[in-house]
Amino acid sequence: MFVLVNLKTYPCDPVAVAEAVRDVNETTDARLAVAPQAAHLERVAETGAETWAQHVDPIEHGSNTGHTLAESVADAGAVGTLINHSEQRLKLADIDGSVRAAERAGLETVVCANNPAQIGAAAALEPDAVAVEPPELIGTGTPVSQADPDIVEDAVDAAESVDDDVAVLCGAGISTGDDVVAAGDLGSEGVLLASGVAKADDPTAALEDLVAPL
Ligand SMILES: O=C[C@H](O)COP(=O)(O)O
């Protein structure tokens, strides 16, 4: 299972969480990665944790003030990027442009979507993976795998029917190892989570709990 920890803009210490991700990754067959804010990418990557960006824009080098260039996040040490997170929604053409920009920079891609129909559309853009996240469950602590298992199974079916090379992750409310196992049982190859680790008093313990049953 792939466990991708998005730090959003939570007021955590990104380096401390990244060190926990790096250390717990050494203890498990699961793959752990962390997605800090763009401004923290370099410091996080220097810990040795697998580092992802939270977003890249559909741009090339040039006159794009305030945008995030895929090549720059790769230079900072990121190996992958989220695209179209529920909190950073893009138009379809821009999702396509961001996936192409990430590919150009050698970044792995996870395109997020709200529901199975959007997952099908996202899969058609040939990212490495898609992630289904019902927005109403994000940050609630109520796991999507328990509250809305059908959405995960339907997302897996939707992606498979378009391109079975595209892996499916799920996210929203995931915070325990049981949640991760339930996600896997529904066909998900990984989980995207945030508050369960970024807001934890002890991120290492939270990560250990997430991977314990794997
Ligand atoms: O990127 C992560 C997701 O939005 C899930 O957030 P959450 O784990 O706080 O529900």
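## Exercises on a predicted model

Asn 84 sits in the loop that runs between strand 4 (80-83) and helix 4 (92-104). The structure you are looking at is a predicted model, so let's work through it step by step.

**Exercise 1.** Find out whether Asn 84 is buried or exposed, and say what sign its phi has.

*Solution.* Begin with the count: 25 other C-beta atoms lie within 10 Å of Asn 84. A residue is buried if this count is 20 or more. Asn 84 is therefore buried. Now turn to the backbone: phi of Asn 84 is positive, about 65°, although the residue is not a glycine.

**Exercise 2.** Do the same for Glu 126: where is it placed, and how does it count in terms of exposure?

*Solution.* First locate Glu 126, which belongs to the loop between helix 5 (116-123) and strand 6 (129-132). Next, count: there are 16 other C-beta atoms within 10 Å. Buried needs 20 or more and exposed needs 12 or fewer, with partly exposed in between. Glu 126 is partly exposed because its count is 16. Its phi is positive too, near 60°, and Glu 126 is a residue other than glycine.

**Exercise 3.** Describe the surroundings of Arg 31.

*Solution.* Start with the element: Arg 31 lies in strand 2 (residues 31-35). Because Arg 31 has 14 C-beta neighbours inside 10 Å, it counts as partly exposed. Then set aside neighbours within four places in sequence, and Arg 31 is in contact with Phe 2 and Val 3. Finally, compare sequence with space: Arg 31 and Val 211 are 180 residues apart in sequence, yet their C-alpha atoms are 9.4 Å apart.

**Exercise 4.** Describe how helix 1 and helix 10 pack.

*Solution.* Two packed helices are described by the angle between their axes and the distance between those axes. For helix 1 (residues 14-25) and helix 10 (residues 203-211), the angle is about 35° and the axes are 9 Å apart. The crossing of helix 1 and helix 10 is right-handed. Helix 1 contributes Ala 16, Val 17, Ala 20, Val 21, Asp 23 and Val 24 to the contact, while helix 10 brings Pro 203, Thr 204, Leu 207, Glu 208 and Val 211. Sorted by type, the contact residues are eight nonpolar, one polar and two charged.

**Exercise 5.** How many residues surround the ligand, and which elements supply at least two of them each?

*Solution.* The ligand is surrounded by 14 residues, the closest being Asn 6, Gly 139, Leu 193, Ala 194 and Ser 195. Strand 8 (190-193) and helix 9 (195-198) each supply at least two residues of this shell. By type, the shell holds six nonpolar, seven polar and one charged residue.

Note on methods
Residues numbered from 1 in each chain as written. Predicted model: local features only at pLDDT ≥ 70, side-chain atom pairs only at ≥ 80, totals over all residues. Near = placed C-beta within 6 Å. Helix = DSSP H or I, 4+ residues; strand = E, 2+ residues; numbered from the N terminus. Nonpolar A, V, L, I, M, F, W, Y, C, P; charged D, E, K, R; others polar. Axes fitted to C-alpha atoms, helices over the stretch in contact; angles between N-to-C directions. Left-handed = near helix turned anticlockwise from the far one by under 90°. Contact = placed C-beta atoms within 7 Å.
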